[in-house]
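Reader: I am new to this structure. Please give me a close look at one part of the story: how the pieces pack and pair.

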Amino acid sequence: MSAPGVGLIHPHRWDVIVVGGGHAGTEAALAAVRMGCDVAMVTSSIDRVGWMSCNPSIGGVGKSHLVAEIDALGGEMARAADRAGVHYKLLNHSRGPAVHALRVQCDKLEYATALRERLERQPGLQLLQGTVAGLWLEGGRIAGVRTGHGVHYRARAVVLTAGTFLSAVCHTGDQVEAGGRAGEGASNDLGAQLRALDLRTLRHKTGTCPRLAGRTIDWDRTQRDPGLTPPPTLARRGPRPALRQMDCHATRTNARTHALIRDALPRSPLFSGQIAGQGPRYCPSIEDKVVRFEDREEHGLFLEREGWRTDEVYLAGLSTSLPADVQFAMVRSIEGLESAEIVRFGYAVEYDTIDPRQLGPDLGLARCPGLYFAGQVNGTSGYEEAGAQGLWAGVQAACFVQERDAPTLSRADAYLAVMVDDLTTRGGGEPYRMLTSRAEHRLSLRCGNADLRLGPLAESLGLCDAEAGAARRSRQARLEAARTLLEAERVVPTPAVVDRLVAAGQGGLGTPASLADLLRRPTMQWETLEPWLPEPLRSGGLLDDPADRDEVTIALRYAAYEARERTRVERTRRAEAVALPADLDFRVVHGLSFEAAEKLGLARPATLGQAARVPGVTPAAVSALHVHLEMRHRRARADG
């Protein structure tokens, strides 16, 4: 089917089309199809579906919490990482358990293969290769997408996950070429259309590091960093990691490296003015680190093999856009890399993102019903941030198509909600990275309880199967039964009991105490309590899974803090319940400064709670807003 000047109009009409096959796109497509939608994914290269275009790892501080939540909501990231995992490491171990983070180095080819197989075998999901050149709009509503080949694909909703490809250019020294990553083109037409739709855009920058030939590295001169043995899993349910594990290795820059970088700064696109985009604060380039931390004599680097079927090694910590000759000299100035060959040079990517403050909590654009955005196009960085947004946008698009009430999450419910709220109220002036410090309720938002927090929502939406729901309810029952037993079982301070506690470094016991009270001691180990455990809590019992023992222990130790937190959450929920009219003119609110009115007008918060989180909005401004709303309601009641 075709029309004059239009090209091919595909005869099928999908419920949801997902643009892009990266981490956001894969989760969006799978979420929508699991909810019963007929879905197509249109991507410029099916061979690059789920590809790790930067580092070969999933998880990390704050990020592993997002992965756990994706997993709890039926997503694929954790399962794919476990299938491809070759090195597991626990970060933040010296801190409280709520911020412990698992990081998994993956075999990149195996990871992408796992995702592609999952997509291709999913009933109701069609993969289509093509570069989306524009959105197909009819009467201000989304009608589908059009590709560079002139093919029009129809859909009732579109999730746009354009990654770093909108009007993108790659920089290596003074060499500039169009593309969202090396060897792949840019989405210039789509970027131009979004700007023509009067969408506010921002210019962001990200970068990557040189990749080295592993056989040219002197591994004996680097520091071996073995992973956890046996490896744990990111996914709550699923097979154990099957791949043979491999070591990571560490090295560091030195004074010679830094001198080479300083001498080359005039040739750096970051410092010459060639790059205007804002780079990520928490993942700076090596030249940026040398300038900002001039007193540092060295910076740590990690050598991460990219898989068992490649010799390529990712040099983590050396992200750069310096010229190729400088990169070559810089790499060979580093211990263990004196003879290393660069397989791929590092580069920076500069690209457009939309200002996410134009989106609602559903990641949708209100003035174009049916259009949703997810991933780096919203100003975020990282696979995990993209995947979580993609899943959420896929859920929202499915609800839009099915004309059902869309779910909501508050900042007290999930890291996912913290990220979405941060983006839509505070904006993305720089590439956003999820950190545990961003979550004010992080004590209760743990990786270990993500399935308990979000499992009921996943089940109600159809994101998980009956088996997953039954497993979650069984786990919940086991944990509750274990806590009840621990609270009920008393330990009497006999000499033998006291001697065992003292020998374990736990001090004495003056009066009878429950096992729960003893476990609340910060350094108490289950092994110390073994003789007093009731039969259901012994090996092979209710808490046979070490993760369940950990969760019970953490819950007991955090119980008092969580009780106080619930009080704060309730206050926050009351503020969130105060809706702000969509047509509210903040300029007429008495007592609101010009700056606050301008910032609120730009952010368009939906509730009083969101307004309080807009940067530059003071508590006095929130009070003025509250008074204005009360007066407005009184006038409305008086008018009848």
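Author: Here is a walk through the packing and pairing, with terms explained on the way.
This is a predicted model, in which local features need pLDDT of at least 70 and side-chain atom pairs count only at pLDDT 80 or more, while totals for chains, interfaces and linings use all residues. Residues are numbered from 1 along each chain as its sequence is written, and side-chain values use heavy atoms, with hydrogens and water left out.

Start with the names. Helices (H or I, at least four residues) and strands (E, at least two) are DSSP runs, numbered from the N terminus. Two packed helices are described by the angle between their axes and the distance between the axes. Axes are lines fitted to C-alpha atoms, for helices over the stretch in contact, and angles run from 0 to 180 degrees between N-to-C directions.

Take helix α10, residues 383-402. It packs against helix α11, residues 415-426, at an angle of about 90°. Their axes are 10 Å apart. That makes α10 roughly perpendicular to α11. The scale is this: under 35 degrees is roughly parallel, over 145 roughly antiparallel, 65 to 115 roughly perpendicular, and the rest oblique. From α10, the contact (heavy atoms within 4.5 Å) uses E385, A388, Q389 and W392. From α11 come L416, M419, V420 and L423. By class, the contact of α10 with α11 has 6 nonpolar, 1 polar and 1 charged residues. Here Ala, Val, Leu, Ile, Met, Phe, Trp, Tyr, Cys and Pro count as nonpolar; Asp, Glu, Lys and Arg count as charged; the others, Gly among them, count as polar.

Helix α10 also packs with helix α1, residues 23-34. The angle is about 30°, and the axes are 7 Å apart. That makes α1 roughly parallel to α10. The crossing of α1 over α10 is right-handed. A crossing is left-handed if the near helix is turned anticlockwise from the far one by less than a right angle, and right-handed if clockwise. Among the α1 residues in this contact are H23, E27 and A31. They meet α10 residues including Y383, G387, G390 and L391. The residues of the contact of α1 with α10 divide into 9 nonpolar, 4 polar and 1 charged.

Next come α3 (residues 77-84) and α4. Their axes come within 8 Å and cross at roughly 135°. That makes α3 oblique to α4. The crossing of α3 with α4 is right-handed. On α3, the contact takes in M77, A80, A81, R83 and A84. On α4, E110, Y111, T113, A114, L115 and E117 take part. The residues in this contact of α3 with α4 are 7 nonpolar, 1 polar and 3 charged.

Helix α4 (residues 108-120) has another link. The side chains of D47 and R116 meet in a salt bridge, 3.0 Å from N to O. D47 sits in the loop between β3 and β4, R116 in α4, 69 residues apart. A salt bridge is a side-chain nitrogen of Lys or Arg within 4 Å of a carboxyl oxygen of Asp or Glu. By this rule the count comes to 51 salt bridges.

Now the strands. Two strands pair if DSSP finds at least two bridges between them. One open sheet has 4 strands in the order β12-β11-β20-β13, with antiparallel pairing. β12 and β13 stand at the edges, each with a single partner strand, so one side of each is left without a neighbour in the sheet. The twist averages 25° from one strand to the next. β11 (residues 169-172) pairs with β12 (residues 175-178) over 4 bridges. V169 has A178 as its bridge partner in β12. In their hairpin, 2 residues lie between the strands, and G173 takes a positive phi near 60°. β11 also pairs with β20 (residues 347-354) in the antiparallel sense, over 3 bridges. There C170 has V349 as its partner.

Another open sheet has 6 strands, in the order β15-β16-β17-β18-β14-β19, again with antiparallel pairing. β15 and β19 are at the edges with a single partner strand each, so one side of each lacks a neighbour in the sheet. The twist in this sheet averages 35° from strand to strand. β14 and β19 pair over 2 bridges. R211 has R344 as its partner in β19.

Finish in the loops. A cis peptide bond joins T229 and P230, with omega about -10°. P230 lies in the loop between β15 and β16.
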